[in-house]
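Hi everyone, thanks for coming. I'll put the structure up on the screen now, and then we'll walk through a few places in it.

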Amino acid sequence: MPAVQETVERVKRIDVDQYRYGFETLIDTEKAPKGLSEEIVKFISQKKNEPDWMLQWRLEAYRRWLTMTEPTWARVEYPKIDFQDIYYYAAPKPKKTVTSLDEIDPEILKTYEKLGIPLREVAMLEGVEPKPGEEDPARRKIAVDAVFDSVSVATTFKAELKKAGVIFMPISEAIREHPELVQKYLGSVVPTSDNFYATLNSAVFSDGSFVYVPPGVRCPMELSTYFRINERNTGQFERTLIIADKGSYVSYLEGCTAPQRDENQLHAAVVELVALDDAEIKYSTVQNWYPGNSEGKGGIYNFVTKRGDCRGANSKISWTQVETGSAITWKYPSCILRGDNSSGEFYSIAISNGFQQVDSGTKMIHLGKNTSSRIISKGIAAGKSQNTYRGLVTAHRKATGARNFTACDSLLIGDKCGAHTVPYIEAKNSSATFEHEATTSKISEDVLFYCIQRGLSQEEAVGLVVNGFVKDVLQQLPMEFAVEAQKLISISLEGSVG
Amino acid sequence: MNVAVAKTGSGRAVSDLFASAEGRLPGSPAVIAARREAFETYERLGLPHRRIEEWKYTDLRALVGEVLPLAASPDAAALKRAAETVKAHAIEGARKLVLVDGVFAADLSDVKALASEASLKTLRETLEKEAGLLKTASTDAVISLNAAMATDGVVLSIADGAQFSAPVQIIHVATAASASAFTRSQVRIGKGVRATIVESFVAAGAKAYQVNDAVVLSVGDNADVAHIRLLDDSPDAVNVTSQFVTVGANTKLNFFNMTTGAAVSRLQGFITLAGEGSDLSINGVNLLKKTEHGDTTLVVDHAVPSCVSREIFRAVIDDRAHSVFQGRIIVRPDAQKTDGKMMTRALLLSDEAEADNKPELEIFADDVSCGHGATAGALDDSLLFYLKARGLPEKQAQALLIQAFVGEAIEQIADDGLREHVIGIAERWLEQRQ
């Protein structure tokens with residue numbers, strides 16, 4: 001059958017052609033010695049010119065980390081990680097002190113260009129404002145913070161954001177320039193002792209983004225961070241802290257890629273969101289780390305702690321994620337619904353192919369009165385992958401009127417993959433109303449037949465069905481990301497139809 | 001014995017439990033050795049607690065604290081009390097098999113009537129020859145403890161093709177207060193059999209006792225079996241039951257569990273669909289009040305293709321009671337064309353009631369249709385208002401809605417008589433509430 005032949009061909013090409021971001025940028029880097037010790041923590045802190053309180057905070061986390069053991073409850077399997085065999089700090093070597101954006105290594109700029117961050121934005125990176133007449137009104141501006149290995153290389157639109165009062169800068173700068181804000185909020189959502197990887201991150205995080213939106217301000221543009229792991233054997237540990245003060249709004253996007261390598265690399269990030277009274281944070285992720293080749297060799301271990309705290313009344317935090325990359329994903333963006341009438345949302349598409357393992361989901365912790373949460377999770381497992389949704393919905397005794405709706409659906413493509421659902425639903429008071437539903441199935445033969453009969457190829461038919469399957473979540477993404485995500489989904493599933 | 005001695009809450013070494021009972025435990029030397037090994041496993045693990053994932057919501061260390069010593073063999077007075085209780089709880093026309101404080105009571109059982117239809121032995125007799133019955137497919141601390149301590153049980157074997165008109169009812173009666181009964185039964189159902197098995201747990205005046213029961217049930221091909229379990233232990237008792245069920249091909253198995261008693265109860269079922277084309281229906285109702293804790297944990301393992309499983313659970317939780325439902329559907333790589341559905345709903349009648357649901361899907365085959373649903377919430381105010389507006393008092397209106405709520409699960413019982421019996425239990429529970 002030609003369709004089968006075509007599929008076989010595609011599968012053959014899968015590991016090389018599929019991942020378009022697998023190139024490596026050759027630049028000089030400065031690295032800390034391999035391994036982890038108090039000296040390395042001090043080295044990182046020193047590199048960042050950090051005040052003493054920050055160093056102490058890191059050291060405390062490091063000492064705590066030494067007493068902790070790796071979590072093993074997730075449905076993922078991987079060889080034991082040697083934490084002494086990783087570089088904890090790698091930065092592009094500055095040619096001299098970077099005072100202006102022009103002095104950024106052109107190789108890095110080229111890298112971002114290749115990654116599809118539009119040239120126009122690269123122009124922005126270089127600080128060249130477009131002429132007024134050239135402005136494309138249909139295109140919204142996006143401020144970008146580009147993180148390359150361990151450091152932030154550039155942040156765009158800083159000046160314009162400053163006018164609105166929004167602080168958007170690498171967290172290493174924020175520690176120096178806005179210590180009062182950082183000290184107040186850092187670790188207040190994900191404490192240093194939270195879990196093994198979060199504690200490790202607290203000790204060695206090198207950079208990340210910091211956002212503060214002052215009261216009543218609606219952030220004038222989308223904020224975005226683009227993470228890139230480039231260096232061999234390095235771990236990336238970024239830390240993101242977003243604070244939306246009373247009545248403010250911010251939408252934040254995050255994207256990530258890495259070169260194609262045979263060894264596994266560790267990525268352990270922490271993201272903390274704080275929404276005060278009436279504030280809203282929308283956090284979108286398109287995660288496309290290198291997933292490993294067709295034999296399951298290489299790829300990123302993505303062990304991420306993401307948590308949002310709806311601290312104020314009427315606040316709202318919305319997580320949207322498209323997870324297509326990484327050899328292993330271990331990630332549970334959560335909402336603590338502390339403020340009365342606060343609400344949390346979680347929209348997720350998790351796609352696994354090849355030998356990928358995904359264990360992802362969310363936690364909705366209802367503490368305040370009349371809080372509501374909504375979980376829409378779409379898992380697609382293909383190839384020989386394992387895809388698990390793991391989620392917790394809990395209503396505290398005093399969280400009267402808590403409401404939750406959960407729908408997690410899984411789609412199986414091929415008979416070698418697995419899809420699993422592990423929800424925990426805990427109702428501790430009678431006024432809580434929880435609804436949960438989950439389904440698992442494959443694409444119905446009837447639907448495929450119908451599409452093929454009308455002239456679509458097998459691949460196109462599957463693409464159509466999958467797009468319909470994930471539509472609920474794609475609609476939640478900002479427009480710029482939705483297009484990219486849709487493409488990514490079709491690429492991720494390429495060769496999976498048989 | 002190179003094992004750290006675990007201490008119970010009262011500081012007494014748990015090995016006393018085994019040492020003091022050892023002389024009374026039946027079995028050949030090989031069986032005693034197997035028991036000792038099982039007890040060492042239990043001693044090493046201790047009572048399950050919340051750090052053990054499967055027991056996350058039922059922390060026996062906190063809820064139970066310690067395992068009570070083995071109950072004494074029932075004396076004449078105890079048997080007399082048991083006889084009265086059996087009379088009150090017997091299903092009409094059923095062939096009764098009675099276990100009093102963990103010991104088979106032949107005088108209270110319909111041994112003769114059954115002899116013509118099935119082969120019956122006691123666990124005590126069986127263990128004199130072989131230790132196989134103490135082994136189970138999966139194990140944990142309470143199952144190991146059961147293997148170590150089981151005093152008796154029924155070993156029932158129903159030959160191929162047997163057609164039972166009356167149900168077989170296994171009745172567990174507790175007469176001894178502050179003591180433990182450990183029972184283990186095996187029911188083997190042959191090919192093409194049509195039968196109904198009922199299990200009842202009741203108290204004859206006993207208080208604060210503990211039951212640890214295990215049932216190994218195998219159902220042959222082309223059979224049609226109903227299995228009903230009614231837990232009506234005394235309100236301060238503890239009941240932990242483990243069931244291991246294997247289902248053959250093209251068989252219908254309809255299981256129903258009703259919990260209306262016990263301070264702490266846990267039913268853990270491990271059901272394997274081992275033959276193609278079978279139809280499994282598992283349903284249950286937990287009616288809990290005061291500080292009762294009721295846990296239903298089920299693992300349905302679709303090991304072969306083309307089976308259907310349906311699970312419907314309802315929990316009604318009043319006062320400070322706590323209901324737990326953990327259901328896992330596993331679909332093995334070869335089990336294509338599996339159709340598995342699970343629905344669990346909890347009704348919280350009080351602000352301090354708690355419902356924890358953990359419905360899991362673990363799927364390794366693609367051509368399947370699986371799903372689960374879970375809800376938790378209070379009675380619908382608008383429905384209550386509707387009924388009250390028509391003149392029904394609050395409690396009665398509630399009772400009506402609760403009956404409808406649990407009715408969806410009870411309806412799954414195919415036998416009219418048994419269904420009515422279960423509805424009667426639910427009605428009495430609701431009456432007591434008023």
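Let's start with B:Arg50: is this residue buried, exposed or something in between? B:Arg50 has 13 C-beta neighbours inside 10 Å, so it counts as partly exposed. A residue is called exposed at 12 or fewer and buried at 20 or more. If you're hunting for B:Arg50 on the screen, look in the loop between α2 (29-45) and α3 (60-63) of chain B. And what does B:Arg50 touch, once we leave aside its neighbours within four places in sequence? The contacts are B:Trp55, B:Lys56 and B:Asp59. As for B:Met342, 292 residues apart from B:Arg50 along the chain, the two C-alpha atoms are separated by 24 Å.

I should say right away that this is a predicted model. The predictor gives the complex an ipTM of 0.87 and a pTM of 0.87. For chain B, the mean pLDDT is 92, with 97% of the residues at 70 or more. One stretch to be careful with is residues 1-12 of chain B, where pLDDT stays under 50. The model has 16 contacts beyond four places in sequence for that stretch.

Staying in chain B, have a look at strand β7, residues 194-203. Nine of its 10 residues are buried, so this strand is mostly covered. Which strands pair with β7(B)? One of them is β5, residues 168-174, which runs parallel to β7(B) and is joined to it by seven bridges. In that pairing, B:Val173 sits opposite B:Val202. Another is β9, residues 224-232, also parallel, this time over nine bridges. There, B:Arg194 has B:Asp224 as its bridge partner.

Okay, over to chain A. This chain has 498 residues, and 54% of them are buried. You can count 12 helices and 24 strands in chain A. If we take the contacts in chain A with a separation of 6 or more, 84% are between residues 24 or more positions apart.

Now pick out helix α9 of chain A, residues 196-204. Why do we say that α9(A) is largely enclosed by the rest of the structure? Because eight of its nine residues are buried. Among them are A:Tyr197, A:Leu200, A:Asn201 and A:Val204. The buried residues pack against two helices, α2 (38-47) and α3 (52-66), and against the strands β8 (239-244), β11 (270-275) and β13 (299-310), all in chain A.

Just along from β8 there's a loop leading to β9 (249-257) of chain A, and A:Gly247 is in it. A:Gly247 has 19 other C-beta atoms within 10 Å, and buried starts at 20, so this glycine is partly exposed. A:Pro215 is 32 residues apart from A:Gly247 along the chain, yet their C-alpha atoms are separated by 5.6 Å. Not counting residues up to four places away in sequence, A:Gly247 touches A:Pro215, A:Gly216, A:Asp277, A:Asp278 and A:Ala279.

Last stop: where do the two chains meet? Here, 30 residues of chain A are in contact with 31 residues of chain B. On the chain A side, β22 (403-413), β23 (418-427) and β24 (433-442) each supply at least two residues. That side divides into 12 nonpolar, 12 polar and six charged residues. Two strands even pair up across the chains: β23(A) and β18 of chain B, residues 354-363, are antiparallel over six bridges. To spot that pairing, find A:His420, which stands opposite B:Glu362 in β18(B).

Conventions. Residues are numbered from 1 along each chain as its sequence is written. Chains are lettered from A and ligands numbered from 1 in the order in which they are written. This is a predicted model: local features need pLDDT of at least 70, side-chain atom pairs count only at pLDDT 80 or more; totals for chains, interfaces and linings use all residues. Helices (H or I, at least four residues) and strands (E, at least two) are DSSP runs, numbered from the N terminus. Two residues are in contact if their C-beta atoms, placed from the backbone, lie within 7 Å. pLDDT is the predictor's confidence in each residue, from 0 to 100. Ala, Val, Leu, Ile, Met, Phe, Trp, Tyr, Cys and Pro count as nonpolar, Asp, Glu, Lys and Arg as charged, and the others, Gly among them, as polar. Two strands pair if DSSP finds at least two bridges between them.
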